[in-house]
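Please take the sequence and the coordinates together, and follow the chain from its local geometry outward to its overall form.

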Amino acid sequence: MFFTDAEHAFLSQQRLGRIATASADGEPDVAPVGYRVADGTVRIGGMAMTKTRKYHNVQANARAAFVVDDLESVDPWRPRGVKVAGPAELTGEEGNEVIVIHPETVWSWRLNEGRDKAFGPIEKRTFND
């Protein structure tokens, strides 16, 4: 499985993430999005998806990154989060276009038991098909 139990629980509790895409010319874009995690993938939908820059970027450059983070505490400062990068595809689900990111690399910080509780080192896992 791509996500640990702690990462999956964290992702299930959050409402917003950010997707990063790039155009065919390499012009970067980042956008706040709603999402869900299913079958080890990140699925991003929304209204009028086919009119968005992220949609057209994935059509032209089928890779994306996605991050969800928050502050567990501000005193002391305790950021935590999950970042995913991998191939992205466009699919139709329930009559809506959805961007599906298939994790190749997952980074997380301050989530998994037994890991360093400071911001670094960041835990990184890479998956090959």
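In which loop does aspartate 39 lie? Aspartate 39 sits in the loop between strand 3, residues 36-38, and strand 4, residues 41-44, and the coordinates there, as everywhere in what follows, belong to a predicted model. The backbone of aspartate 39 has a phi near 55°, a positive value in a residue other than glycine, and with a relative accessibility of 71% the residue counts as exposed, because the cut-off for that class is over 50%. Most residues other than glycine have a negative phi, and most peptide bonds are trans.

Alanine 48 offers a second case of positive phi, with a value near 50° in a residue other than glycine. Its place is in the loop between strand 4 and helix 2, the latter covering residues 53-60, and at 47% relative accessibility alanine 48 counts as partly exposed. The peptide bond between aspartate 75 and proline 76 also deserves attention, for this bond is cis, with omega about 10°. Proline 76 belongs to the loop between strand 5, residues 63-74, and strand 6, residues 77-93.

From these loops one may turn to the order of the elements. The secondary structure of the chain comprises two helices and nine strands, and when it is read along the sequence the pattern is α-β-β-β-β-α-β-β-β-β-β. Among the contacts between residues at least 6 apart in sequence, 54% join residues at least 24 apart.

Isoleucine 101, in strand 7 (residues 96-101), gives a concrete view of such contacts. Its relative accessible area is 0%, so isoleucine 101 is buried. Once neighbours within four places in sequence are left aside, isoleucine 101 is in contact with Ile19, Thr41, Val42, Ile44, Ala64, Ala65, Phe66, Val84, Gly86, Pro87 and Ala88. For one of these partners, alanine 64, the separation along the chain is 37 residues, while the C-alpha atoms of alanine 64 and isoleucine 101 are separated by 6.8 Å.

Strand 6 holds two further residues to examine, namely glutamate 93 and proline 79. Glutamate 93 has a relative accessible area of 19% and is therefore buried, since that class takes values under 20%. When residues up to four places away in sequence are not counted, glutamate 93 touches Arg36, Arg43, Val98 and Val100. The C-alpha atoms of glutamate 93 and arginine 43 are 10.0 Å apart in space, although their positions lie 50 residues apart in sequence when counted as a separation. Proline 79, at 15% relative accessibility, likewise counts as buried, and from C-alpha to C-alpha it is 16 Å from alanine 9, with a sequence separation of 70 residues.

What, then, of leucine 16, which is placed in strand 1? Its relative accessible area is 55%, and leucine 16 is therefore exposed. Leucine 16 nevertheless touches Val33, Gly34, Tyr35 and Val68, again not counting residues up to four places away in sequence. Its C-alpha atom is 20 Å from that of arginine 63, and the two residues are 47 apart in sequence.

The values for the whole chain complete the picture. A compact globule of 129 residues would have a radius of gyration near 14 Å, and the chain, at 15 Å, agrees with that expectation. Along its principal axes the C-alpha trace spans about 40 × 35 × 30 Å. Of the 129 residues, 43% count as buried, and the accessible surface comes to about 7500 Å², of which 50% belongs to carbon and sulfur atoms. As for charge, the mean positions of the 16 positive and 19 negative charges are 3 Å apart.

It remains to ask how much confidence the predictor attaches to the coordinates. The mean pLDDT of the chain is 90, and 91% of its residues reach 70 or more. Confidence is highest in strand 1, residues 16-22, at a mean of 98, and lowest in strand 9, residues 123-126, at a mean of 79. Where pLDDT is low, the predicted coordinates should not be read in detail.

Technical notes:
Residues numbered from 1 in each chain as written. Predicted model: local features only at pLDDT ≥ 70, side-chain atom pairs only at ≥ 80, totals over all residues. Heavy atoms only, no water. Helix = DSSP H or I, 4+ residues; strand = E, 2+ residues; numbered from the N terminus. Rg over C-alpha atoms; globule rule 2.2 N^0.38 Å. Buried < 20%, exposed > 50% of the residue type's maximum accessible area, 1.4 Å probe, protein only. Contact = heavy atoms within 4.5 Å. Areas by Shrake-Rupley, 256 points an atom, 1.4 Å probe, with all protein chains shown as cover. Lys, Arg positive; Asp, Glu negative; His and termini not counted. Charge placed at Lys NZ, Arg CZ, Asp CG, Glu CD. pLDDT = per-residue confidence, 0-100.
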